[in-house]
Amino acid sequence: MSATAHAQVDDHAHDDHGHHHKETFVTKYIFSQDHKMIAKQYLITGVLVMGFIGIAMSLFFRMQIAWPGESFPIFEAILGKWAPDGVMDADMYLALVTMHGTIMVFFVLTAGLSGTFSNLLIPLQIGARDMASGFLNMLSFWMFFVSCVVMVISLFVEAGPAAAGWTIYPPLSALPMAQPGSGMGMTLWLVSMAIFIASSLLGSLNYIVTVINLRTKGMSMTRLPLTIWAFFITAIIGVISFPVLLSAALLLIMDRSFGTSFFLSDIFIQGEVLHYQGGSPVLYEHLFWFLGHPEVYIVLLPALGITSEVMSTNARKPIFGYRAMVASIMAIAFLSTIVWGHHMFISGMNPFLGSVFTFTTLLIAIPSAVKAFNYITTLWKGNLQLNPAMLFSIGLVSTFITGGLTGIILGDSTLDINVHDTYFVVAHFHLVMGISALYGLFAGVYHWFPKLFEGRMMNKNLGYVHFWVTAVCAYGVFFPMHFVGMAGLPRRYYENTAFPMFDEFTDIQVLMTTFALIAGAAQLLFVYNFVRSMFYGKKGPKNPWNSNTLEWTAEVKHIHGNWDGPIPHVHRWAYDYSKVDENGEYIIPGQDFVPQTVPLQEDEEELQH
Amino acid sequence: MTVVLTLAVLALVAIAIWQMTKIFELSQLKADQSRAQIANDNDNKNNGYLLFAFMVFTYLITIFSFWKYSKFLLPDASSAHGEEYDYLMLVSFVIIFIVQFITQFLLHYFGYKYRGREGQKALFYADNDRLEFIWTIIPVIVLAGLILWGLYTWTNIMDVNDEDDPLIVELYAQQFNWTARYGGADNVLGGANVRMIDIDRANVLGLDESDSYAADDVIVKELHLPVGRKVNFKMRSQDVLHSAYMPHFRAQMNCVPGMTTEFSFTPITTTAEIRQNSEVVDKVKRTNKIRAEKNVKITEENRILEAHGEPTKELLDSWEYDYILLCNKICGKSHYNMQMKIIVETQEEYEAWMKTQQTFGQTMASVQ
C-alpha cells in the first residue's frame, strides 16, 4: 500500500516537473514557494538581522551592568532620549532585557533555526521535490516577516518597547501605569507574537505533513536521518503548545483593552483601585509556561538533530544508538509538555504541584543523559574530521552538559527556592539552550552552506577563529555567572549598587561583560564570512563532507524540484560510515561511506538500528 | 576612561577583522583546488590539540572561579531549614562536578585522541544495549535519590502550619518598597483588602478598620524577628508581581495581587551573631575597602563639581552587615532598589523594640 502511494507521488512529482514555468524576480526571490529559497529567507531575516539586533541589545545591557551609571557615547547615539548624557535609563534597561529574550528565543532560535533547517533539509533529506504545500510555506515565512517588522517597530514607539521581561507576566505587562513599556510597546509585542504563532503553526503543520507523506521509496521512518526526526518531533510539540501561548496572549489583550479580569484582581496603583476582580496572574504563568517549557526543546531539539548528523558524518562513524536517540527525542518531547510547573515553584501555586513537577523535571535528565553519552561514544574510535561544523557540534555537547547539570539544582523544588530568578538561572539556561542552540545553528550553517548557496563553501580558517573565540568567551561569560547567582544576586537589576552586599561583584561583572563584548565581535566575523562566501566563496565538490544523506545527491544548482531526474530511492539508513564486510574491507572499496541510495550488497546485512 | 576603553575595544575589533581578512585572502590563494575549505590532516591536528587545550581551559576556569569567587557565596544559612537546604545543595554539587569532570574529559579527550588522519579507519560501532542500559540506569538511580531527598525536604519546608506558636507577619509589596505587619498582641492579622486603602488617613495597607483584630496590628518598615521562633509569613502585593527573597534564610515566595501566599522559617542566627562570622567579617572588610576607594574617587569628582558650582555627590557610608529582603520578580523601573532590612535579635530585644512601635489603632486615632 505505502509502496504504491510512494510510487504515485513519485511519478506525479516527476510529471509535474516536466513543464518549467518562467520565474520572475518576484516569484523567485520574494514570494518564492521553493523550500530552498524560503530557508534562505528565514536564515537571513531570522538569524542575521534579528540575531544581530538581539545580540547587540545584550551587549548594551551587559555594559550597563558592568559600568553602572557610566556614560557611553554609543548609548546616546543609538538609544537617544533613553540614554540622557549617554547614561542608560532604568526603563530602557528592562526593555533591552525583555526584547533580547523575546528576539533570541522566538525570532532567532525558533524561527531562525527551525525555519531555516526544517525548510532546507526536510524535502532534501527525505527525497521530496518540495514541501507538501509550497504556498502555506511561503505564507508562513511572510507572516514571520510581518511579525519581525511589527516587533522592530515596537522598538521605536514613544513610551518604549515592552519591558516586563520576556515572559511578560501580568499585572506588570497589563497595566500601562505600572511601567511605560506596558503601553503601546506591549500592544505591538502581543500583536507581533500572535502573528508569529500563526506563522509557526503553518510552518509546523507543513513539516509534519511533509515528513509523513512525502518520503521517497525506501525511506522508512527508521531510516530517517536524526535531523528529520528532530524537526518532526519539534514541529509536533510546536503544534501542541503554541496555541496555548496564543490563548494566553488573547486573554491578556482582553484584560488590557476590554476590561476583563482573567489575570488581574485586587489592584491599587497610582493612588486608585482598579475594577479588576477575580483573575489570577498564576493562571497566566501556567498558560505561558505550558508553551514556555516545550519552547526550550523547540529551540534545542533541532540543534541536537543537526549535531547528530554533523557529528556522525565528521566522525566517519554511525551515530551511536540510533534507536535510543530517537526514543530520547520522543521522551524529551513528551516530558517537556508536563514539566512547565518548575518555573513556578515559588509562584504561590500549591506546593504539592511543585512536588509533581520536580518529579517529571528530573526525569527529563535521563533521556538527556543518554543523548550526551551517545554523542561521546560516537566520537570514540572515530576518524574525526574537525571541520568548523564538527567543532561547533562538540562545543554543543560540552555546553549542553555544563548547562544541563545545573538543571538538577533548578529542577529540584527545594534547591530552586534560593536560586530562583537569580543569575544562576541566567547562566543555566543560556548555556543549556541559548549557547547550545546557537552552536547547533552555526554547525548547521557551516555544514549545509554549500546546499544553501549552490556549492559555495565558507572559509574554514575564519570558521575556526569564530569557533574558538566564541567557545572560550561563552564559558568566560557564563561560568562565573553561576557564582554571582549563588551569592544571591537577582536577575534584571538595573544596577547592583543599591545593595552593599553586592559591591564586591564589580570586577566579576566587568570580566563577564568583557568576554561578552569579545564574543559579540567574533560573531561579526561569522557575518563577514557568511556574506563574503555567499558571493565569492569557492565552490566545493558536490558532496564535500562525504555524507550519506540524500541532499548531497540533489543538484548543486538550485532547481525547482531538487533532482533533475527521478527522485532517488533509499536502501539503507543514513549512517553507514566506515562499514566493513567480513574481510574488514569497506563496503564500497576505497570509500568510507555508503550513501543511502546504494543498494545493500549481496552478503551485506542491514543492521536493524 | 570609558571612552578610551570603548576606543580600545573598537580598535581591537577592527584589527581582528583586518587580520581575518588577511587570513581569508591568504587561504583563497591556495583555494584553486575545490577541497580547500574542507579540514585536512593539518587542520585536524591543530584543532585536536586545541580541543585538548580547551579541556584544560574548562578545568582552569572552574578552579579559577572557585579560588576567586567562592568567597562571594552566601554565608551558612541563618534559618533552621536552611541547614538542610545547604547540605542538599552541597551533595548535588558534588555529583554535578564529578559528572562534569568525567564527561568533559571524555568528550574533549576523544576529540583530541581520534582526530582525523589520512588512512585512519573509524570503528563501525552502531549500538550496544548493555552500554545504553548502564547510562540509563545510573542517572535513574542517582536522580531517584535526589528526587526523594528533595521532595522530602520540600514537603517539610512548604508545610506552613500553626504548630509551635509561630509569629504571624505579613509582607506587603508595592512598587517599589516593602512593608511588614505584625498581628500585635493577639498575633492575628486583621482583615485587609486594597479596596479599603485610604491614603489620606494613612491606611496604606487597606486594613479593615472595623475588624477588631486589626486595631493592635503593628505596621513597620524594618522587619524585626526574634531568634529561634518560627515565623509564618503571609505575602500580599497591591499592584504587580513581586517576590520576597531572603537569601540568607534560603527563603523566597512570590507576592501575587489578588491572593495571599505563604512561607515559613525559623531564624537561628541573630544579626549580632552573623556579624561575628569570620566569612562575614572578611566580606565586610573587603566591601568597605571598595567603598572607601569609591569615596576617594567621588571626593575628587566633587571637587570638580564644586568648582563648576554643580551639586555634589554623596559619599558612601561604611557598611555593616545586615540581613536583607530583596524583590526578585521584575516589577518596574526601581525593581533594582526594592529592599527592606531584616534584624534578627533575642526575644528581649524584640519585645523592647515592639514596645516602641505604634499600633494601627493608635495611628488611626492620631489621624482622626
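In this predicted model, P171(A) has its place in the loop of chain A that runs between helix 6 (134-154) and helix 7 (184-213). The peptide bond that leads into this residue, from P170(A) to P171(A), is cis, with omega near 0°. A cis bond is also found in chain B, where the peptide bond from Q175(B) to F176(B) has an omega near -5°, and F176(B) belongs to the loop between strand 1 (167-174) and strand 2 (177-182) of that chain.

Two residues deserve attention for their backbone angles. D266(A), which is not a glycine, has a positive phi, near 50°, and its place is the loop of chain A between helix 8 (226-257) and strand 1 (268-269). Because 24 C-beta neighbours lie inside 10 Å of D266(A), and 20 or more are enough for the term, this residue counts as buried. In chain B, R250(B) likewise is not a glycine and has a positive phi of about 50°; R250(B) is found in the loop between strand 6 (242-246) and strand 7 (251-255). With 26 C-beta neighbours inside 10 Å, R250(B) therefore counts as buried.

Turning to the wider architecture of chain A, the UniProt annotation "domain: Cytochrome oxidase subunit I profile", taken from an unreviewed entry, covers residues 25-581 of this chain. Over residues 25-581 chain A is 65% helix and 1% strand, and the C-alpha atoms at the two ends of this stretch are 51 Å apart.

Chain B contains an open sheet of five strands, in the order 3-2-1-5-8 and with mixed pairing. Strand 3 (218-220) and strand 8 (261-265) of chain B stand at the edges of this sheet, and because each has a single partner strand, one side of each is left without a neighbour in the sheet. On average, and with direction ignored, neighbouring strands of this sheet are turned by 25° against each other. Within the sheet, strand 1 of chain B pairs with strand 5 (residues 231-237) of chain B in the parallel sense, over seven bridges, and L167(B) stands opposite V231(B) of strand 5.

The two chains meet where 126 residues of chain A are in contact with 112 residues of chain B. On the side of chain A that touches chain B, the most is given by helix 16 (residues 460-486) of chain A, with 13 residues. The residues of that side of chain A divide into 79 nonpolar, 31 polar and 16 charged.

Notes:
Residues are numbered from 1 along each chain as its sequence is written. Chains are lettered from A and ligands numbered from 1 in the order in which they are written. This is a predicted model: local features need pLDDT of at least 70, side-chain atom pairs count only at pLDDT 80 or more; totals for chains, interfaces and linings use all residues. Helices (H or I, at least four residues) and strands (E, at least two) are DSSP runs, numbered from the N terminus. A residue is buried if 20 or more other C-beta atoms lie within 10 Å of its own, exposed if 12 or fewer, and partly exposed in between; C-beta atoms are placed from the backbone. Two residues are in contact if their C-beta atoms, placed from the backbone, lie within 7 Å. Ala, Val, Leu, Ile, Met, Phe, Trp, Tyr, Cys and Pro count as nonpolar, Asp, Glu, Lys and Arg as charged, and the others, Gly among them, as polar. UniProt positions are given in the numbering used here, feature names are shortened, and annotations may be inferred rather than shown by experiment. Two strands pair if DSSP finds at least two bridges between them. Axes are lines fitted to C-alpha atoms, for helices over the stretch in contact, and angles run from 0 to 180 degrees between N-to-C directions.
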